[in-house]
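Here is a short report on a protein fold. It goes from strands to core to charged pairs.

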Amino acid sequence: MLRHTLIAITLITLSCGAFGFRAHAVATQDAEKVRFGVLDIAVQIPDGAELGAYQIDLIPLPDLPTRVRVVGIEGGEHDAFRTPPFYDPEAIGNERVILAAYSTAAELPTGLSRIARVHYEITGEGDLPAPVQLINIREALATDREGNAFEIPFILSSSQGLQP
């Protein structure tokens, strides 16, 4: 009886090892097609103005041989916008995300300021454009402390590049 038990345990162990090896091989094969990147979103606030709120509609560029999707969002560098912006959590992992933030802080950003950092995943094969060309700002709005809208350029920059 002990011998049958030892044989059964040995077979189960070998089977688990074989399946585990196969699962690892499949995961490694798929992982080679996945890359991650980081984009910083900054604004150039006009002289004499302060940024009180913003809303940005982010979409990946169409017609790429790969799939780009947002997988994480961080806040900005200024204390007024350090917490991550508001967004629909269900939008994470999809192609389109709308970010929005406001602040009632005594001190608001002026000049050039990073307001958010977006982490994204690229799945698929093929040549890719520069990281800042993978995601586009479709629409953007900024306001001052009183809610008066003003035009400012939103700047995408790749802070860390593509990471395997």
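Strands here are DSSP runs of E with at least two residues, numbered from the N terminus. The model is a predicted one. On that basis, L39 sits in strand β1, which covers residues 34–44.

**Overall layout**

The protein has one helix and eight strands. The helix comes first, and the order from the N terminus is α-β-β-β-β-β-β-β-β. Of the 164 residues, 36% are buried. Contacts reach far along the chain. Taking those between residues at least 6 apart in sequence, 81% join residues at least 24 apart. The accessible surface is about 10,000 Å². Carbon and sulfur atoms account for 57% of that surface.

**Strand β1 and its partners**

Start with L39. Its relative accessibility is 1%, so L39 counts as buried. The strand around L39 is mostly covered too: eight of the 11 residues in β1 are buried.

β1 pairs with two strands listed here. With β5 (residues 112–123), β1 runs antiparallel, and 11 bridges join the two. L39 stands opposite V118 of β5. The C-alpha atoms of L39 and A116 are 8.5 Å apart, although 77 residues separate the two along the chain. With β8 (residues 154–158), β1 also pairs in the antiparallel sense, this time over five bridges. There, I41 has L156 as its bridge partner.

Strands of a sheet pair through backbone hydrogen bonds, in a parallel or an antiparallel way.

**The four-stranded open sheet**

Four strands form an open sheet in the order β4-β2-β6-β7, and the pairing is antiparallel. Its edge strands are β4 (97–102) and β7 (149–150), each of which pairs on one side only. Within this sheet, β2 (residues 53–60) and β4 are joined antiparallel over six bridges. Y54 faces A101 of β4 across that pairing.

**The nonpolar core**

Which residues touch the most other members of the largest nonpolar core? They are I41, L51, Y54 and F154, out of 32 residues in that core. Several strands contribute. β1, β2, β3 (67–74), β4, β5, β6 (135–143) and β8 each give two or more residues. β5 gives the most, with five residues.

I41 shows how such a position is surrounded. Beyond neighbours within four places in sequence, I41 is in contact with I56, L58, L99, S113, R114, I115, A116, V118, I137, F154, I155 and L156. L156, the bridge partner of I41 in β8, is thus listed among these contacts.

**Charged pairs**

Side chains of opposite charge can pair when their charged atoms come close. The structure holds six salt bridges. Three of them are tabulated below.

| Salt bridge | Closest N to O distance |
|---|---|
| R117 and D40 | 2.6 Å |
| D57 and R96 | 3.0 Å |
| R69 and E121 | 2.6 Å |

Take R117 and D40, the pair at 2.6 Å. R117 lies in β5 and D40 in β1, so this link spans distant parts of the chain, 77 residues apart. Both R117 and D40 are buried.

Next come D57 and R96, with N and O at 3.0 Å. D57 is in β2, while R96 is in the loop between β3 and β4, so the pair ties together parts 39 residues apart in sequence. The cover on the two residues is unlike. D57 counts as buried because its relative accessibility is 5%, under the 20% cut-off. R96 has a relative accessible area of 40% and is partly exposed. The pair also belongs to a wider group: D57, R96 and R138 are linked in a network of salt bridges.

How many residues apart are R69 and E121? The gap is 52 residues, with R69 in β3 and E121 in β5. Their side chains meet at 2.6 Å, N to O. R69 is partly exposed, since its relative accessibility is 23%. E121 is buried, with a relative accessible area of 11%. The 20% limit for burial falls between these two values.

**Where the strands meet the charges**

β5 recurs in this account. β5 pairs with β1, gives the most residues to the largest nonpolar core and carries R117 as well as E121.

Conventions: Residues are numbered from 1 along each chain as its sequence is written. This is a predicted model: local features need pLDDT of at least 70, side-chain atom pairs count only at pLDDT 80 or more; totals for chains, interfaces and linings use all residues. Side-chain values use heavy atoms; hydrogens and water are left out. Buried means under 20% relative accessible area, exposed over 50%, partly exposed in between (1.4 Å probe, protein chains only). Two strands pair if DSSP finds at least two bridges between them. A nonpolar core is a set of buried Ala, Val, Leu, Ile, Met, Phe, Trp, Tyr and Cys residues joined through side-chain atoms within 4.5 Å. Contact means heavy atoms within 4.5 Å. Accessible areas come from the Shrake-Rupley method with a 1.4 Å probe; for residues, only the protein chains shown count as cover. A salt bridge is a side-chain nitrogen of Lys or Arg within 4 Å of a carboxyl oxygen of Asp or Glu.
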